[in-house]
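Student: Could we go through this structure together? I would like to see how each label is earned.

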Amino acid sequence: NRCPVLEQCVDEPDGRGLLVTGPRGIHRWPVAGGGGSVRIGPPAPLSSIADCTQAVLSRDGRRLIASGGDGVRAIVIDLEPGPRQVEIQDHGPAQYVALSPSGRWAAAGTHNGNGVKVWDASTGTIEADLPVQGSAKVLFSPDERWLLVADYGSYHFYEVGSWRPARDVPLDEPRLTSALISSICRNCSRC
């Protein structure tokens, strides 16, 4: 017997389950407890996206975005009221993904590719195609005002909704945290 590979495990905010990604897709493992014991499983499949490499859960736990090992696509899964999948296409190799805190926007950066794309997470409609050269990681600010893109040279801040560039910060800044993003945004002339 072969032990399954676990790429990532995300705890649902309400504590009722674990979302697990791996070579066989994405599965939800229900967690129930009481009387000093905990029961986990059985798993329920959410998507068969092969070799899922990254998954991010929205703040409210109702929406998940994941990138596939094929490096070509990402998917958004609405977890409630029932699993519904929106395929995010036209962006290869999609590797790094983010959901805005409300779950409204989905973003994907590449690994060994170019560009960052932003979609309406409910429909899969492309909202922006940002001209980023090379690999890029993506992250939304906690207040959902900014999309942060990290490439090989800088952190780039884009205004959510208009997708206009607002500020660039050299990579020699300390590792970005929510507090640093908030601080930079407070001091940004366009904020």
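Student: What makes E159 partly exposed?

Tutor: Let's start there, keeping in mind that this is a predicted model. The relative accessible area of E159 is 23%. Buried means under 20% and exposed means over 50%, so E159, at 23%, counts as partly exposed.

Student: Which label does R164 get, and why?

Tutor: R164 has a relative accessibility of 47%, which lies between 20% and 50%, so R164 is partly exposed.

Student: Why is the contact of E159 and R164 called a salt bridge?

Tutor: The N to O distance between their side chains is 2.6 Å. The rule asks for a side-chain nitrogen of Lys or Arg within 4 Å of a carboxyl oxygen of Asp or Glu. An Arg nitrogen and a Glu oxygen 2.6 Å apart fulfil that rule, so E159 and R164 form a salt bridge.

Student: How many salt bridges does the rule give?

Tutor: The count is two. Besides E159 with R164, R63 forms a salt bridge with D78, where the closest N and O atoms are 2.4 Å apart. That pair links distant parts of the chain, with R63 in strand β7 (residues 63-67) and D78 in strand β8 (residues 74-78), 15 residues apart. Both R63 and D78 are buried.

Student: How do you know that β16 and β17 are paired?

Tutor: Two strands pair if at least two bridges are found between them. β16 and β17 have five bridges, so they count as paired, and the sense is antiparallel. One of the bridges joins S154 to P170 in β17. The two strands form a hairpin with five residues between them, and G161 in the turn has a positive phi of about 100 degrees.

Student: What is notable about the phi of W163?

Tutor: W163 has a phi near 60 degrees, a positive value in a residue other than glycine. Most residues other than glycine have a negative phi. W163 is found in the loop between β16 (154-159) and β17 (165-170).

Student: Is W163 buried or exposed?

Tutor: Its relative accessibility is 7%, which is under 20%, so W163 counts as buried.

Student: Where is E144, and what is its phi?

Tutor: E144 is in the loop between β14 and β15. Its phi is positive, about 65 degrees, although E144 is not a glycine.

Student: Why is E144 called buried?

Tutor: At 18% relative accessibility, E144 falls under the 20% cut-off, so it is buried.

Student: Which residues of the largest nonpolar core touch the most other members?

Tutor: The core has 16 residues, and those with the most contacts to other members are V116, V118, L130, F140, L147, V149 and W163. Two or more residues each come from β11 (105-110), β12 (116-120), β13 (126-130), β14 (137-140) and β15 (146-150). In soluble globular proteins, nonpolar side chains tend to be buried together.

Student: Which residues does L147 touch?

Tutor: Leaving out residues up to four places away in sequence, the contacts of L147 include A107, V116, V118, L130, F140, Y158 and W163.

Student: Which residues are included in the second core?

Tutor: This separate core of twelve residues includes C52, A55, L57 and L64.

Student: What makes A55 buried?

Tutor: A55 has a relative accessible area of 5%, and the cut-off is under 20%, so A55 is buried. A55 lies in strand β6 (residues 54-57). The C-alpha atoms of A55 and S67 are separated by 6.7 Å, with the two residues twelve apart along the chain.

Student: Which strands pair with β3?

Tutor: Strand β2 (residues 17-22) runs antiparallel to β3 (residues 25-34), joined by six bridges, and T21 has I26 as its bridge partner in β3. Strand β4 (residues 37-40) pairs with β3 over four antiparallel bridges, one of them between A32 and R39. Strand β5 (residues 44-47) pairs with β3 through three bridges, again antiparallel, and I26 has S47 as its partner there.

Student: What kind of peptide bond leads from G41 to P42?

Tutor: That bond is cis, with omega near 0 degrees. P42 lies in the loop between β4 and β5. Most peptide bonds are trans.

Definitions and conventions: Residues are numbered from 1 along each chain as its sequence is written. This is a predicted model: local features need pLDDT of at least 70, side-chain atom pairs count only at pLDDT 80 or more; totals for chains, interfaces and linings use all residues. Side-chain values use heavy atoms; hydrogens and water are left out. A nonpolar core is a set of buried Ala, Val, Leu, Ile, Met, Phe, Trp, Tyr and Cys residues joined through side-chain atoms within 4.5 Å. Buried means under 20% relative accessible area, exposed over 50%, partly exposed in between (1.4 Å probe, protein chains only). Contact means heavy atoms within 4.5 Å.
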